[in-house]
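Welcome! Please take a moment with the sequence and the 3D view before reading on. The notes below are grouped by topic, so you can follow along on the screen.

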Amino acid sequence: MSELKQFPENFLWGGAIAANQVEGAFDEDGKGLSISDVVKVVRPEDRKKMKIPFPTTAEVQEALNDTNHKNYPKRYGIDFYHRYKEDIALFKELGFKTLRISIAWGRIFPNGDDATPNEAGLKFYDNLFDELNKHGIEPVVTLSHYETPLNLTLTYKGWTNRKLVDFFAKYAETVFERYKDKVKYWITFNEINCILMAPYIGGAFLRDHVADGELLQAQFQSAHHQFLASAKAVEALHRIIPDGKIGCMVVGMINYPNSPHPDDVMTALTDQRNTFFFTDVMTRGHYPAYMTSFFKENGITIQKEAEDDAILKNNVVDYVALSYYMSSVSARPETEGEKAAGNLLSSLKNPYLEASDWGWQIDPKGLRTLLNMFYDRYEKPLFVVENGLGAFDEVEDDGSIHDDYRIAYLREHIKEMGKAIEDGVDLIGYTAWGPIDLISFSTSEMSKRYGFIYVDQDDYGNGSLKRSKKDSFYWYQKVIETNGEEL
Ligand code: BG6
(Lines give C-alpha, C1' and ligand atoms only; values in the text may rest on other atoms or scores of the structure.)
Protein backbone atom coordinates (compact mmCIF):
# COMPACT_ATOMS: atom_id res chain seq x y z
CA MET A 1 0.00 0.00 0.00
CA SER A 2 1.36 3.41 -0.86
CA GLU A 3 1.44 5.95 1.95
CA LEU A 4 -0.17 8.64 -0.12
CA LYS A 5 -3.77 9.46 0.60
CA GLN A 6 -4.55 11.78 -2.22
CA PHE A 7 -8.09 11.06 -3.28
CA PRO A 8 -10.92 12.49 -1.17
CA GLU A 9 -13.37 10.02 0.38
CA ASN A 10 -16.23 10.98 -1.93
CA PHE A 11 -14.12 10.89 -5.10
CA LEU A 12 -16.26 9.85 -8.07
CA TRP A 13 -14.48 6.84 -9.60
CA GLY A 14 -16.11 5.31 -12.63
CA GLY A 15 -16.31 5.11 -16.39
CA ALA A 16 -17.73 7.07 -19.32
CA ILE A 17 -19.70 5.97 -22.36
CA ALA A 18 -21.76 7.80 -24.98
CA ALA A 19 -25.16 6.81 -26.37
CA ASN A 20 -24.06 6.90 -30.01
CA GLN A 21 -21.16 4.52 -29.38
CA VAL A 22 -22.92 1.92 -27.25
CA GLU A 23 -26.69 1.93 -27.49
CA GLY A 24 -27.39 0.72 -31.02
CA ALA A 25 -31.17 0.34 -31.56
CA PHE A 26 -30.77 3.42 -33.74
CA ASP A 27 -34.35 3.36 -35.02
CA GLU A 28 -36.18 1.68 -32.15
CA ASP A 29 -38.94 3.08 -29.96
CA GLY A 30 -39.34 6.22 -32.02
CA LYS A 31 -35.72 7.40 -32.01
CA GLY A 32 -34.83 9.81 -34.82
CA LEU A 33 -31.54 9.57 -36.70
CA SER A 34 -28.56 11.43 -35.33
CA ILE A 35 -25.55 12.84 -37.12
CA SER A 36 -23.50 9.83 -35.95
CA ASP A 37 -25.87 7.30 -37.51
CA VAL A 38 -24.72 8.31 -40.99
CA VAL A 39 -20.98 8.24 -40.39
CA LYS A 40 -19.41 5.36 -42.29
CA VAL A 41 -16.92 2.96 -40.75
CA VAL A 42 -13.23 3.41 -41.61
CA ARG A 43 -11.88 -0.02 -42.51
CA PRO A 44 -8.43 -0.96 -41.13
CA GLU A 45 -6.83 -0.68 -44.58
CA ASP A 46 -8.09 2.92 -44.89
CA ARG A 47 -7.03 4.05 -41.43
CA LYS A 48 -3.99 5.91 -42.71
CA LYS A 49 -6.12 7.94 -45.12
CA MET A 50 -8.69 8.67 -42.44
CA LYS A 51 -10.05 12.19 -42.31
CA ILE A 52 -12.43 13.67 -39.79
CA PRO A 53 -15.83 13.42 -41.51
CA PHE A 54 -17.16 16.64 -43.00
CA PRO A 55 -19.77 15.32 -45.44
CA THR A 56 -21.87 17.04 -48.06
CA THR A 57 -25.67 16.80 -48.27
CA ALA A 58 -25.27 14.31 -51.12
CA GLU A 59 -23.01 12.10 -49.01
CA VAL A 60 -25.50 12.12 -46.15
CA GLN A 61 -28.23 11.23 -48.62
CA GLU A 62 -26.15 8.31 -49.85
CA ALA A 63 -25.74 7.09 -46.25
CA LEU A 64 -29.48 7.40 -45.70
CA ASN A 65 -30.12 5.22 -48.72
CA ASP A 66 -27.63 2.61 -47.54
CA THR A 67 -29.55 0.00 -45.60
CA ASN A 68 -26.46 -2.13 -45.00
CA HIS A 69 -26.22 -1.08 -41.38
CA LYS A 70 -22.93 -2.93 -40.98
CA ASN A 71 -21.32 0.02 -42.75
CA TYR A 72 -22.50 2.28 -39.92
CA PRO A 73 -21.52 0.61 -36.64
CA LYS A 74 -22.98 3.40 -34.51
CA ARG A 75 -26.37 2.18 -35.64
CA TYR A 76 -25.85 -1.08 -33.73
CA GLY A 77 -23.23 -0.14 -31.09
CA ILE A 78 -22.69 -2.88 -28.51
CA ASP A 79 -26.43 -3.28 -27.98
CA PHE A 80 -26.33 -1.45 -24.65
CA TYR A 81 -29.94 -0.44 -25.30
CA HIS A 82 -31.01 -4.01 -24.62
CA ARG A 83 -28.18 -5.14 -22.37
CA TYR A 84 -27.77 -2.20 -20.02
CA LYS A 85 -28.79 -4.20 -16.95
CA GLU A 86 -26.09 -6.80 -17.52
CA ASP A 87 -23.52 -4.05 -18.17
CA ILE A 88 -24.48 -2.01 -15.14
CA ALA A 89 -24.17 -5.14 -12.98
CA LEU A 90 -20.58 -5.42 -14.23
CA PHE A 91 -19.93 -1.76 -13.46
CA LYS A 92 -21.29 -2.40 -9.98
CA GLU A 93 -18.91 -5.32 -9.61
CA LEU A 94 -16.08 -2.98 -10.62
CA GLY A 95 -17.14 -0.80 -7.70
CA PHE A 96 -18.13 2.22 -9.80
CA LYS A 97 -19.30 5.22 -7.82
CA THR A 98 -20.39 6.89 -11.02
CA LEU A 99 -21.18 6.24 -14.67
CA ARG A 100 -21.04 8.99 -17.24
CA ILE A 101 -23.53 8.43 -20.05
CA SER A 102 -25.13 10.67 -22.64
CA ILE A 103 -28.77 10.95 -23.59
CA ALA A 104 -29.39 10.52 -27.30
CA TRP A 105 -31.26 13.77 -27.98
CA GLY A 106 -33.10 12.05 -30.85
CA ARG A 107 -34.67 9.51 -28.48
CA ILE A 108 -36.36 12.42 -26.70
CA PHE A 109 -37.03 14.73 -29.65
CA PRO A 110 -36.65 12.54 -32.76
CA ASN A 111 -36.42 15.51 -35.13
CA GLY A 112 -34.97 17.96 -32.65
CA ASP A 113 -37.75 20.47 -33.34
CA ASP A 114 -40.77 18.37 -32.29
CA ALA A 115 -43.53 19.97 -30.24
CA THR A 116 -43.70 17.12 -27.72
CA PRO A 117 -41.16 14.59 -26.49
CA ASN A 118 -41.17 10.90 -27.29
CA GLU A 119 -42.43 9.05 -24.22
CA ALA A 120 -40.71 5.76 -25.13
CA GLY A 121 -37.35 7.54 -25.22
CA LEU A 122 -37.94 9.23 -21.88
CA LYS A 123 -38.94 5.87 -20.41
CA PHE A 124 -35.73 4.20 -21.56
CA TYR A 125 -33.59 6.66 -19.57
CA ASP A 126 -35.97 6.41 -16.60
CA ASN A 127 -35.24 2.70 -16.51
CA LEU A 128 -31.53 3.24 -17.02
CA PHE A 129 -31.25 5.79 -14.19
CA ASP A 130 -33.35 3.58 -11.91
CA GLU A 131 -30.98 0.72 -12.58
CA LEU A 132 -27.96 2.90 -11.77
CA ASN A 133 -29.54 4.28 -8.64
CA LYS A 134 -30.53 0.78 -7.54
CA HIS A 135 -26.82 -0.07 -7.56
CA GLY A 136 -25.77 3.17 -5.89
CA ILE A 137 -24.03 4.42 -9.05
CA GLU A 138 -24.31 8.18 -9.49
CA PRO A 139 -25.21 9.08 -13.09
CA VAL A 140 -23.30 11.92 -14.76
CA VAL A 141 -25.24 12.86 -17.87
CA THR A 142 -24.04 14.64 -21.00
CA LEU A 143 -26.82 16.34 -22.94
CA SER A 144 -25.04 16.31 -26.28
CA HIS A 145 -22.29 13.87 -27.19
CA TYR A 146 -22.10 13.95 -30.99
CA GLU A 147 -25.80 13.07 -31.22
CA THR A 148 -27.50 16.14 -32.70
CA PRO A 149 -30.68 14.98 -34.48
CA LEU A 150 -29.93 14.70 -38.19
CA ASN A 151 -33.06 16.66 -39.07
CA LEU A 152 -31.50 19.73 -37.44
CA THR A 153 -28.59 19.35 -39.83
CA LEU A 154 -30.66 18.84 -42.96
CA THR A 155 -33.39 21.40 -42.23
CA TYR A 156 -31.55 24.11 -40.27
CA LYS A 157 -27.83 23.71 -41.17
CA GLY A 158 -27.03 22.60 -37.65
CA TRP A 159 -25.57 24.94 -35.08
CA THR A 160 -24.94 27.70 -37.63
CA ASN A 161 -28.64 28.42 -37.08
CA ARG A 162 -29.65 30.27 -33.92
CA LYS A 163 -32.91 28.31 -33.77
CA LEU A 164 -30.98 25.39 -32.32
CA VAL A 165 -30.39 27.35 -29.12
CA ASP A 166 -34.06 27.11 -28.19
CA PHE A 167 -34.49 23.56 -29.45
CA PHE A 168 -31.63 22.55 -27.17
CA ALA A 169 -32.95 24.59 -24.24
CA LYS A 170 -36.31 22.88 -24.58
CA TYR A 171 -34.67 19.46 -24.68
CA ALA A 172 -32.56 20.32 -21.61
CA GLU A 173 -35.60 21.54 -19.64
CA THR A 174 -37.55 18.44 -20.60
CA VAL A 175 -34.93 16.04 -19.29
CA PHE A 176 -34.17 18.13 -16.18
CA GLU A 177 -37.88 18.08 -15.27
CA ARG A 178 -38.21 14.39 -15.95
CA TYR A 179 -35.06 13.22 -14.17
CA LYS A 180 -34.71 15.86 -11.45
CA ASP A 181 -34.94 13.25 -8.69
CA LYS A 182 -32.63 10.79 -10.41
CA VAL A 183 -29.73 12.78 -11.85
CA LYS A 184 -27.73 15.51 -10.09
CA TYR A 185 -24.59 15.81 -12.25
CA TRP A 186 -24.94 17.13 -15.78
CA ILE A 187 -22.65 18.18 -18.62
CA THR A 188 -23.84 20.34 -21.52
CA PHE A 189 -21.76 19.57 -24.64
CA ASN A 190 -19.15 16.87 -24.99
CA GLU A 191 -15.80 18.37 -26.06
CA ILE A 192 -17.41 21.63 -27.13
CA ASN A 193 -14.09 22.86 -28.57
CA CYS A 194 -14.09 20.01 -31.10
CA ILE A 195 -16.16 22.26 -33.35
CA LEU A 196 -12.82 23.78 -34.41
CA MET A 197 -11.49 20.43 -35.56
CA ALA A 198 -14.69 18.57 -36.47
CA PRO A 199 -17.35 20.99 -37.73
CA TYR A 200 -19.84 18.25 -38.62
CA ILE A 201 -19.56 16.18 -35.45
CA GLY A 202 -19.30 19.25 -33.23
CA GLY A 203 -21.43 21.75 -35.14
CA ALA A 204 -23.78 19.45 -37.07
CA PHE A 205 -23.46 21.38 -40.33
CA LEU A 206 -22.38 20.08 -43.73
CA ARG A 207 -19.62 21.08 -46.10
CA ASP A 208 -22.03 22.58 -48.63
CA HIS A 209 -23.77 24.61 -45.92
CA VAL A 210 -20.80 26.94 -45.84
CA ALA A 211 -19.58 29.20 -48.65
CA ASP A 212 -15.90 29.11 -49.64
CA GLY A 213 -13.77 30.99 -47.15
CA GLU A 214 -16.57 31.11 -44.57
CA LEU A 215 -15.72 28.04 -42.51
CA LEU A 216 -14.10 29.83 -39.56
CA GLN A 217 -17.01 32.26 -39.40
CA ALA A 218 -19.46 29.33 -39.33
CA GLN A 219 -17.47 27.50 -36.66
CA PHE A 220 -17.31 30.47 -34.30
CA GLN A 221 -20.91 31.50 -34.93
CA SER A 222 -21.98 27.92 -34.14
CA ALA A 223 -19.82 27.98 -31.01
CA HIS A 224 -21.59 31.18 -29.97
CA HIS A 225 -24.94 29.43 -30.34
CA GLN A 226 -23.68 26.52 -28.29
CA PHE A 227 -22.48 28.88 -25.55
CA LEU A 228 -25.96 30.37 -25.40
CA ALA A 229 -27.56 26.93 -25.40
CA SER A 230 -25.22 25.85 -22.64
CA ALA A 231 -25.98 28.98 -20.60
CA LYS A 232 -29.72 28.43 -21.01
CA ALA A 233 -29.28 24.85 -19.82
CA VAL A 234 -27.32 26.11 -16.80
CA GLU A 235 -30.14 28.54 -15.99
CA ALA A 236 -32.75 25.78 -16.27
CA LEU A 237 -30.72 23.32 -14.22
CA HIS A 238 -30.28 25.76 -11.33
CA ARG A 239 -34.00 26.54 -11.42
CA ILE A 240 -35.27 22.96 -11.76
CA ILE A 241 -32.63 21.00 -9.79
CA PRO A 242 -31.27 23.43 -7.17
CA ASP A 243 -29.08 20.74 -5.60
CA GLY A 244 -27.71 19.71 -9.02
CA LYS A 245 -24.40 20.61 -10.66
CA ILE A 246 -23.75 21.31 -14.31
CA GLY A 247 -20.39 21.51 -16.05
CA CYS A 248 -18.92 22.34 -19.41
CA MET A 249 -16.60 19.86 -21.08
CA VAL A 250 -13.64 20.27 -23.43
CA VAL A 251 -10.97 18.27 -25.16
CA GLY A 252 -8.28 18.83 -22.56
CA MET A 253 -5.25 19.61 -24.65
CA ILE A 254 -1.93 20.89 -23.39
CA ASN A 255 0.23 22.58 -26.03
CA TYR A 256 3.98 22.56 -25.43
CA PRO A 257 6.22 24.93 -27.37
CA ASN A 258 8.52 22.99 -29.69
CA SER A 259 11.49 25.04 -28.46
CA PRO A 260 12.25 28.11 -26.32
CA HIS A 261 12.10 30.19 -29.51
CA PRO A 262 9.75 33.07 -28.59
CA ASP A 263 7.67 32.43 -31.72
CA ASP A 264 7.15 28.79 -30.70
CA VAL A 265 6.08 29.93 -27.26
CA MET A 266 3.56 32.37 -28.73
CA THR A 267 2.25 29.69 -31.10
CA ALA A 268 1.79 27.31 -28.17
CA LEU A 269 -0.14 29.98 -26.26
CA THR A 270 -2.35 30.64 -29.28
CA ASP A 271 -3.00 26.91 -29.69
CA GLN A 272 -3.71 26.57 -25.98
CA ARG A 273 -6.53 29.04 -26.47
CA ASN A 274 -8.32 26.48 -28.67
CA THR A 275 -9.12 24.89 -25.33
CA PHE A 276 -9.20 27.87 -22.98
CA PHE A 277 -11.40 30.10 -25.15
CA PHE A 278 -14.30 27.70 -24.60
CA THR A 279 -13.83 27.24 -20.86
CA ASP A 280 -13.14 30.97 -20.46
CA VAL A 281 -16.54 31.87 -21.90
CA MET A 282 -18.47 29.26 -19.94
CA THR A 283 -16.78 29.78 -16.57
CA ARG A 284 -16.21 33.55 -16.67
CA GLY A 285 -19.35 34.42 -18.59
CA HIS A 286 -17.81 36.60 -21.28
CA TYR A 287 -15.60 36.49 -24.35
CA PRO A 288 -11.91 36.90 -23.47
CA ALA A 289 -10.08 39.97 -24.78
CA TYR A 290 -7.68 37.92 -26.93
CA MET A 291 -10.57 36.83 -29.16
CA THR A 292 -11.24 40.40 -30.26
CA SER A 293 -7.95 40.55 -32.11
CA PHE A 294 -8.31 36.98 -33.38
CA PHE A 295 -11.76 37.76 -34.82
CA LYS A 296 -10.46 40.96 -36.40
CA GLU A 297 -7.47 39.27 -38.00
CA ASN A 298 -9.68 36.52 -39.41
CA GLY A 299 -12.59 38.65 -40.56
CA ILE A 300 -15.02 37.01 -38.14
CA THR A 301 -18.09 38.86 -36.87
CA ILE A 302 -20.18 37.09 -34.28
CA GLN A 303 -23.86 37.87 -34.77
CA LYS A 304 -25.24 38.57 -31.31
CA GLU A 305 -28.64 39.61 -30.01
CA ALA A 306 -28.94 42.28 -27.33
CA GLU A 307 -29.56 39.79 -24.53
CA ASP A 308 -26.68 37.42 -25.33
CA ASP A 309 -24.01 38.99 -23.13
CA ALA A 310 -26.29 38.90 -20.10
CA ILE A 311 -27.29 35.29 -20.75
CA LEU A 312 -23.63 34.26 -20.81
CA LYS A 313 -22.74 36.40 -17.81
CA ASN A 314 -25.53 35.18 -15.55
CA ASN A 315 -25.22 31.46 -16.22
CA VAL A 316 -21.73 30.14 -15.72
CA VAL A 317 -21.04 26.48 -15.12
CA ASP A 318 -20.45 24.88 -11.71
CA TYR A 319 -17.46 22.77 -12.73
CA VAL A 320 -15.13 22.11 -15.65
CA ALA A 321 -14.95 18.63 -17.14
CA LEU A 322 -12.32 17.48 -19.61
CA SER A 323 -11.14 14.55 -21.64
CA TYR A 324 -7.44 13.84 -21.68
CA TYR A 325 -5.70 11.38 -23.96
CA MET A 326 -2.51 13.02 -25.19
CA SER A 327 -0.51 16.22 -25.36
CA SER A 328 0.52 18.30 -28.32
CA VAL A 329 3.57 20.23 -29.56
CA SER A 330 3.20 23.64 -31.19
CA ALA A 331 5.74 25.26 -33.48
CA ARG A 332 5.99 28.40 -35.57
CA PRO A 333 4.57 27.76 -39.04
CA GLU A 334 7.84 27.39 -40.94
CA THR A 335 8.92 24.42 -38.75
CA GLU A 336 9.22 21.05 -40.43
CA GLY A 337 8.97 17.86 -38.46
CA GLU A 338 7.47 14.44 -38.07
CA LYS A 339 3.82 14.41 -37.07
CA ALA A 340 2.04 12.42 -34.38
CA ALA A 341 -1.57 11.27 -34.70
CA GLY A 342 -4.80 11.93 -32.82
CA ASN A 343 -8.54 11.60 -33.41
CA LEU A 344 -9.19 15.33 -33.60
CA LEU A 345 -5.77 16.88 -33.74
CA SER A 346 -2.34 16.06 -34.97
CA SER A 347 0.79 17.64 -33.60
CA LEU A 348 4.55 17.54 -34.02
CA LYS A 349 6.14 14.45 -32.57
CA ASN A 350 7.40 14.84 -29.01
CA PRO A 351 10.72 12.96 -28.69
CA TYR A 352 10.17 12.44 -24.96
CA LEU A 353 6.93 10.52 -25.32
CA GLU A 354 5.81 7.08 -26.44
CA ALA A 355 2.71 6.61 -28.55
CA SER A 356 -0.28 4.26 -28.57
CA ASP A 357 -1.02 1.71 -31.33
CA TRP A 358 -2.90 4.56 -33.01
CA GLY A 359 0.01 7.01 -32.71
CA TRP A 360 -1.45 9.13 -29.90
CA GLN A 361 1.33 10.52 -27.70
CA ILE A 362 1.05 9.20 -24.16
CA ASP A 363 1.77 11.87 -21.55
CA PRO A 364 0.57 11.27 -17.97
CA LYS A 365 2.60 14.17 -16.58
CA GLY A 366 0.86 16.52 -18.98
CA LEU A 367 -2.39 15.71 -17.17
CA ARG A 368 -1.03 17.00 -13.85
CA THR A 369 0.21 20.18 -15.51
CA LEU A 370 -3.04 20.71 -17.38
CA LEU A 371 -5.17 20.21 -14.26
CA ASN A 372 -3.03 22.81 -12.52
CA MET A 373 -3.43 25.20 -15.44
CA PHE A 374 -7.22 24.86 -15.35
CA TYR A 375 -7.40 25.23 -11.60
CA ASP A 376 -5.04 28.24 -11.51
CA ARG A 377 -7.26 29.88 -14.09
CA TYR A 378 -10.76 29.19 -12.74
CA GLU A 379 -10.57 27.84 -9.17
CA LYS A 380 -13.60 25.70 -9.95
CA PRO A 381 -13.96 21.95 -9.34
CA LEU A 382 -12.51 19.85 -12.15
CA PHE A 383 -13.67 16.45 -13.37
CA VAL A 384 -11.64 14.18 -15.68
CA VAL A 385 -14.52 12.56 -17.55
CA GLU A 386 -12.52 10.74 -20.25
CA ASN A 387 -9.08 9.18 -20.31
CA GLY A 388 -7.86 5.83 -21.55
CA LEU A 389 -5.84 3.79 -23.98
CA GLY A 390 -7.28 2.57 -27.26
CA ALA A 391 -5.39 -0.66 -28.01
CA PHE A 392 -5.61 -4.04 -29.73
CA ASP A 393 -6.47 -6.79 -27.26
CA GLU A 394 -5.77 -10.47 -27.68
CA VAL A 395 -8.07 -13.13 -26.27
CA GLU A 396 -6.11 -16.17 -25.01
CA ASP A 397 -7.35 -19.70 -25.55
CA ASP A 398 -8.79 -19.78 -22.05
CA GLY A 399 -10.64 -16.52 -22.69
CA SER A 400 -8.37 -14.34 -20.54
CA ILE A 401 -7.09 -10.95 -21.77
CA HIS A 402 -3.80 -9.68 -20.38
CA ASP A 403 -3.96 -5.94 -20.98
CA ASP A 404 -1.02 -4.83 -18.87
CA TYR A 405 -0.39 -1.94 -21.36
CA ARG A 406 -3.80 -0.50 -20.45
CA ILE A 407 -3.14 -0.88 -16.74
CA ALA A 408 0.23 0.87 -17.15
CA TYR A 409 -1.37 3.78 -19.02
CA LEU A 410 -4.17 4.26 -16.49
CA ARG A 411 -1.90 3.80 -13.47
CA GLU A 412 0.42 6.58 -14.58
CA HIS A 413 -2.45 8.96 -15.30
CA ILE A 414 -4.11 8.26 -11.96
CA LYS A 415 -0.78 8.85 -10.18
CA GLU A 416 -0.49 12.24 -11.82
CA MET A 417 -4.07 13.12 -10.87
CA GLY A 418 -3.15 12.27 -7.30
CA LYS A 419 -0.21 14.66 -7.51
CA ALA A 420 -2.45 17.37 -8.92
CA ILE A 421 -4.74 16.93 -5.92
CA GLU A 422 -1.70 17.31 -3.66
CA ASP A 423 -0.84 20.46 -5.62
CA GLY A 424 -4.18 21.83 -4.42
CA VAL A 425 -6.43 21.07 -7.40
CA ASP A 426 -10.06 20.38 -6.49
CA LEU A 427 -10.62 17.25 -8.59
CA ILE A 428 -13.99 15.65 -7.96
CA GLY A 429 -13.85 12.52 -10.08
CA TYR A 430 -12.40 10.35 -12.80
CA THR A 431 -14.37 8.37 -15.36
CA ALA A 432 -12.18 6.20 -17.57
CA TRP A 433 -13.27 6.25 -21.20
CA GLY A 434 -15.03 3.17 -22.54
CA PRO A 435 -15.00 0.91 -19.45
CA ILE A 436 -16.68 -1.58 -21.73
CA ASP A 437 -15.39 -1.90 -25.33
CA LEU A 438 -17.42 0.30 -27.65
CA ILE A 439 -17.52 1.68 -31.18
CA SER A 440 -14.68 4.11 -31.80
CA PHE A 441 -15.72 7.70 -32.31
CA SER A 442 -13.18 8.48 -35.02
CA THR A 443 -13.09 5.27 -37.06
CA SER A 444 -16.24 3.43 -35.90
CA GLU A 445 -14.15 0.29 -35.54
CA MET A 446 -14.28 -2.19 -32.65
CA SER A 447 -10.67 -3.30 -32.66
CA LYS A 448 -9.60 -0.10 -30.93
CA ARG A 449 -10.56 -1.12 -27.43
CA TYR A 450 -10.57 0.90 -24.23
CA GLY A 451 -12.50 -1.41 -21.92
CA PHE A 452 -12.00 -3.27 -18.67
CA ILE A 453 -14.78 -5.42 -20.11
CA TYR A 454 -14.24 -7.11 -23.46
CA VAL A 455 -17.10 -7.28 -25.95
CA ASP A 456 -17.06 -10.09 -28.49
CA GLN A 457 -17.72 -8.13 -31.67
CA ASP A 458 -15.39 -7.42 -34.59
CA ASP A 459 -15.02 -4.46 -36.96
CA TYR A 460 -17.64 -5.93 -39.26
CA GLY A 461 -20.33 -6.34 -36.63
CA ASN A 462 -19.81 -10.10 -36.21
CA GLY A 463 -19.64 -11.74 -32.81
CA SER A 464 -21.69 -13.01 -29.89
CA LEU A 465 -21.58 -9.67 -28.01
CA LYS A 466 -20.63 -11.69 -24.95
CA ARG A 467 -18.99 -9.61 -22.22
CA SER A 468 -15.85 -10.84 -20.42
CA LYS A 469 -13.38 -9.40 -17.92
CA LYS A 470 -9.86 -8.33 -18.83
CA ASP A 471 -6.98 -8.21 -16.31
CA SER A 472 -7.57 -4.47 -16.05
CA PHE A 473 -11.04 -5.21 -14.65
CA TYR A 474 -9.58 -6.66 -11.45
CA TRP A 475 -6.91 -3.98 -11.31
CA TYR A 476 -9.39 -1.06 -11.56
CA GLN A 477 -11.69 -2.77 -9.07
CA LYS A 478 -8.81 -2.67 -6.56
CA VAL A 479 -8.02 0.95 -7.38
CA ILE A 480 -11.58 1.95 -6.55
CA GLU A 481 -11.77 -0.28 -3.49
CA THR A 482 -8.63 1.34 -2.04
CA ASN A 483 -9.67 4.84 -3.20
CA GLY A 484 -6.62 5.12 -5.43
CA GLU A 485 -4.10 3.97 -2.84
CA GLU A 486 -3.29 0.68 -4.49
CA LEU A 487 -2.24 1.24 -8.07
C1 BG6 B 1 -13.21 11.63 -27.34
C2 BG6 B 1 -14.70 11.45 -27.52
O3 BG6 B 1 -12.76 12.59 -28.23
O4 BG6 B 1 -12.39 10.56 -27.61
C5 BG6 B 1 -15.18 10.01 -27.41
O6 BG6 B 1 -15.41 12.24 -26.62
C7 BG6 B 1 -14.20 9.11 -28.13
O8 BG6 B 1 -16.48 9.95 -27.95
C9 BG6 B 1 -12.85 9.23 -27.45
O10 BG6 B 1 -14.60 7.80 -28.27
C11 BG6 B 1 -11.79 8.31 -28.02
O12 BG6 B 1 -11.69 8.51 -29.40
P13 BG6 B 1 -11.71 7.30 -30.43
O14 BG6 B 1 -11.66 7.92 -31.74
O15 BG6 B 1 -10.52 6.48 -30.11
O16 BG6 B 1 -12.98 6.56 -30.17
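Two residues are said to be in contact when heavy atoms of theirs lie within 4.5 Å of each other. Keep in mind that this is a predicted model. With that in hand, let us start inside the protein and then move to the ligand.

**The nonpolar cores**

- The largest nonpolar core has 147 residues, and Y125, F176, W186 and Y476 are the members that touch the most others.
- Helix α9, which runs over residues 215-240, gives the most to this core: twelve residues.
- There is also a second, separate core of eight residues, with L12, Y319, F383 and V385 among them.
- Try finding W186 on screen: setting aside neighbours within four places in sequence, its contacts include I103, V141, L143 and V175.
- The contacts of W186 also include F176, Y179, L237 and I241, as well as K245, I246, G247 and Y319.
- Y319 is thus worth a second look, as a contact of W186 and a member of the second core.

**The ligand and its surroundings**

- Around the ligand there are 15 residues, and E191, F441, S442, K448 and Y450 come nearest.
- Sorted by class, this shell holds six nonpolar, six polar and three charged residues.
- Which side chains place a polar atom 2.6 Å, 2.7 Å or 2.8 Å from an oxygen atom of the ligand? For E191 the distance is 2.6 Å, for K448 it is 2.7 Å, and for Q21 it is 2.8 Å.
- On its own the ligand would expose 380 Å², and the protein buries 100% of that area.

**Two residues with a positive phi**

- E191, which we met beside the ligand, has a phi near 40°, a positive value in a residue that is not glycine.
- You can find E191 in the loop between strand β4 (185-189) and helix α8 (199-203).
- Is E191 buried or exposed? E191 is buried, because its relative accessible area is 5%, and buried means under 20%.
- D79 is another residue other than glycine with a positive phi, here near 60°.
- Look for D79 in the loop between α2 (57-65) and α3 (80-94).
- D79 has a relative accessibility of 16%, so D79 counts as buried too.

Conventions:
Residues numbered from 1 in each chain as written. Predicted model: local features only at pLDDT ≥ 70, side-chain atom pairs only at ≥ 80, totals over all residues. Heavy atoms only, no water. Near = heavy atom within 4 Å. Polar contact = N/O pair within 3.5 Å; in protein donor to acceptor, adjacent residues only side chain to side chain. Areas by Shrake-Rupley, 256 points an atom, 1.4 Å probe, with all protein chains shown as cover. Nonpolar A, V, L, I, M, F, W, Y, C, P; charged D, E, K, R; others polar. Core = buried A, V, L, I, M, F, W, Y, C linked by side-chain atoms within 4.5 Å. Buried < 20%, exposed > 50% of the residue type's maximum accessible area, 1.4 Å probe, protein only. Helix = DSSP H or I, 4+ residues; strand = E, 2+ residues; numbered from the N terminus.
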